[in-house]
Amino acid sequence: MRSFFLFFAIAAILLPLSGKALADGSVLPLVLHEMPKPNYGVPVPETVTGKVTVTHGDGTLSGMAKVSVTDGYSVVKTDSAGNYRLTPNADAVFVYITRPSGYDVTGLWYKPLAAEADFTLEVAAEDENEFIFVHVTDTHTSGQLRSQEGLSEFVRELNALRPQPRFVVNSGDLTSLHKALVTSPEVGQRDLNSYVGIMNNLDMPHYNVAGDHTDSSYRMADFPRGDYRCGKPLYWEHLGPNFYSFEYGKIHFMSIDSSYHLGKRPIKDLEYPTLEIQPMHTAWMGEDMSARSDGTHIITSSETDLAKECPGFLDMAAEHDVRFQLTGDIHVVSEKKHEVPYRTGGALAGCWWNAKCNQLCPDLNPQGYLIYRVVGDKMEHFYKGLGQRVAMNAPRLGAPWQGTVTIEAHVTQPQDGEILEWSLDGENWEEMSEVSRPFYRTLYETDIDTTTLPDGQTTLHLRSSVTGETRTREFVVANSRESLGLETDAVLAFSTAAYSQRPVAAPKGNVEVLFNDTVVGQVTPDTAKDYSFPISAESLRKANIVRFQFEVGSDGMYISSPVLTHQQQPLFDIRDHAVNAIKRAHWGDDAVRWGGFVVGEGNLLETPFIRKQDSFCFVVETAN
């Protein structure tokens, strides 16, 4: 791209990271520009006027009509000659524009609030009906070397993609500063410099949401707790306004910051942020939505679901065609389909401050990011693990294998002659079949007749024929209906009122509990309680499957981890066991009891502690 929307080479400064030699290339040099800063302490002008012009190929300028100009509180449109007049809010610090589809901003898109401010556009060089963008979230850049190396690896990966993405959206937690603003301003400066400096190596613009781990104790004397601007000045000075919009193709993107330090949320003697968008910002959102260009619909970027954190959001969304939300915060890849659907983008960080987590997110996805392809107003996407080209898409970890199962996988940016191969023993390999070539990937499938395999846990290996990059995943073969002939009964237990499970969600209708396709009990509607079902010895097989049959098809519930206890030995589902290992590594032993699973078709929320899963497998190893 000829010009960036967020970052401009005004006075580039290359700063090496302290204590880290760059000879090995693992951490990119910091590219920092002198960015516009608020005029702290200067009286707000009564009126701001200016002009938005377009540069033509012959060097001439003309006024640009219908461009949105804002101070972050109200929005005005330029007239037919490109002129605007804005009455700024007394708390405003910037005046800025919304990038219109088909145009790039040359120079600055935001400026310190002043009586006069002009902006210049040029016709974009690339068609915007079809494009690719990246949604990354929870980068958690800090003084820890792994975070800087990981962010650098992300930048290199994106720069190497062909075609290149047009831009990157980061939906929050750019850094790992303490939510309660107890981190020193010096550390805040260091960490935000690291984030911005590494991201400025991208060959494309990046648009950011602060997130509650990016707010800083910098300038708290000027903006103390109780002031809704508290914690924002360091972000302003590096990245500009924390509420803004831009347009690309048929999409009006909005970046929404939901973190406020109002001194109203004490936790263990610390003041944590209030996560509810305040009235002055909901008012701006409504004006910005109303001012979007004709023919565009809206996608928002925020830390979490705005239906939960923005009063009146659903009404605004219905009125202004808000179709989708890009979210983060919870470090999992999940989506929720309700009035305004959203998809969380995993976490680039995974948990890179804790090596015991093996760089996995709490849902066992690798640290990574989402890549979207837009054609007109249609979108498709896939999740890419950082540093990974080979991915196993289905079935999920620990899924029961019965009869013939289909394995689905892909390789990103395939090389000449590259194919995917599979193996059950890691020694004998067979080719997978290519099925399609969507953007950036080649998709592969293979069918496996599991009836030729012994019941119990098995491991599948996938690898690239060129690079040898390998993925492995465990499954449970469960074809046999023969009893193990045990003499001791077992007990299946779970709860719909689990410890630290928030919120509790019992089913609305009756739910039958099936053990190896036989009903062993029921879950009571609208009741949170503990359940324990006896399982006869003759019902036990080598591989056992627990499922739930809902009376109401759209029903769902939260349950704790199901446990099958036999001869005083607790047995767990493979995926459950793996998730608990990450919980334990991340939050300690107590975390194993937190949360559980979403079961059924109900529109229930996934969190770092609650995964969606409808069947559970228990392998019995001991026979009498």
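How many bridges join strand β5 to strand β8? I began my notes on this predicted model with that pairing.

**Entry 1: the four-stranded sheet**

I found two bridges between β5, residues 68-70, and β8, residues 94-97. The two strands run antiparallel. I then looked up the partner of Val 69 and noted Ile 97 in β8.

I next traced the sheet to which these strands belong. It is an open sheet of four strands, in the order β6-β5-β8-β10, with antiparallel pairing. At its edges I recorded β6 (75-77) and β10 (110-112), each of which pairs on one side only. From one strand to the next, the twist averages 20 degrees.

**Entry 2: cis peptide bonds and a positive phi**

I turned to the backbone outliers. As a reminder to myself, most peptide bonds are trans, and most residues other than glycine have a negative phi.

I noted a cis peptide bond from Arg 162 to Pro 163, with omega near -5 degrees. Pro 163 is placed in the loop that lies between α1 (145-160) and β13 (167-170).

I also noted a cis bond from Ala 394 to Pro 395, where omega is near -5 degrees. I located Pro 395 in the loop between β25 (390-394) and β26 (400-401).

For His 140, which is not a glycine, I read a positive phi of about 45 degrees. His 140 sits in the loop between β12 (130-136) and α1.

**Entry 3: helices α4 and α6**

I looked up how α4 (residues 279-290) packs with α6 (residues 313-320). Two packed helices are described by the angle between their axes and the distance between the axes. Here the axes come within 10 Å and cross at roughly 10 degrees. Because the crossing angle is of that size, α4 counts as roughly parallel to α6.

Which residues of α4 and α6 make the contact? From α4 I listed Thr 282, Met 285, Gly 286, Met 289 and Ser 290, and from α6 Phe 313, Met 316 and His 320. By class, I entered four nonpolar and four polar residues for this contact, and no charged ones.

**Entry 4: cavities**

I searched for enclosed space and found three cavities of 30 Å³ or more. The largest cavity holds about 180 Å³. Its lining consists of 16 residues, and those closest to its centre are Tyr 73, Val 93, Trp 236, Asn 242 and His 281. I sorted the lining of the largest cavity by class and obtained nine nonpolar, three polar and four charged residues.

**Entry 5: the second largest pocket**

What is the volume of the second largest pocket? I recorded about 1,100 Å³. The pocket is lined by 38 residues, of which Lys 179, Asp 329, Ile 330, Pro 608 and Phe 609 are the closest to its centre. I then asked which elements give two or more residues to this lining, and noted α5 (306-309), β22 (342-345) and α7 (574-587). The class count for the lining of the second largest pocket is 13 nonpolar, twelve polar and 13 charged residues.

**Entry 6: strand β34 and its partners**

I followed β34 (residues 490-495) to β37 (residues 530-535) and found six bridges in the antiparallel sense. A further four bridges join β34 to β40 (residues 563-566), again with the strands running antiparallel. I took Leu 492 as a reference point: its bridge partner in β37 is Phe 533, and its bridge partner in β40 is Leu 564.

**Entry 7: the hairpin of β35 and β36**

I found five bridges between β35 (residues 511-515) and β36 (residues 518-523), which pair in the antiparallel sense. Val 513 stands opposite Gly 521 in β36. This hairpin has two residues between its strands, and I noted that Asn 516 takes a positive phi near 50 degrees.

**Entry 8: the three-stranded sheet**

My last entry concerns an open sheet of three strands, in the order β39-β42-β43, with mixed pairing. I recorded β39 (556-559) and β43 (610-612) as the edge strands, each pairing on one side only. In this sheet, the twist averages 25 degrees from one strand to the next. I then examined β39 with β42 (residues 596-600) and found four bridges between antiparallel strands. Within this pair, I noted Gly 556 opposite Gly 600 in β42.

Terms used: Residues numbered from 1 in each chain as written. Predicted model: local features only at pLDDT ≥ 70, side-chain atom pairs only at ≥ 80, totals over all residues. Heavy atoms only, no water. Pairing = 2+ DSSP bridges. Axes fitted to C-alpha atoms, helices over the stretch in contact; angles between N-to-C directions. 1 Å grid on protein atoms, 1.4 Å probe; cavity = no way out; pocket = protein on both sides within 12 Å on 5 of 7 lines; lining within 4 Å. Points joined across faces, edges and corners; volume = space filled by probe spheres on them. Nonpolar A, V, L, I, M, F, W, Y, C, P; charged D, E, K, R; others polar. Parallel < 35°, antiparallel > 145°, perpendicular 65-115°, else oblique. Contact = heavy atoms within 4.5 Å.
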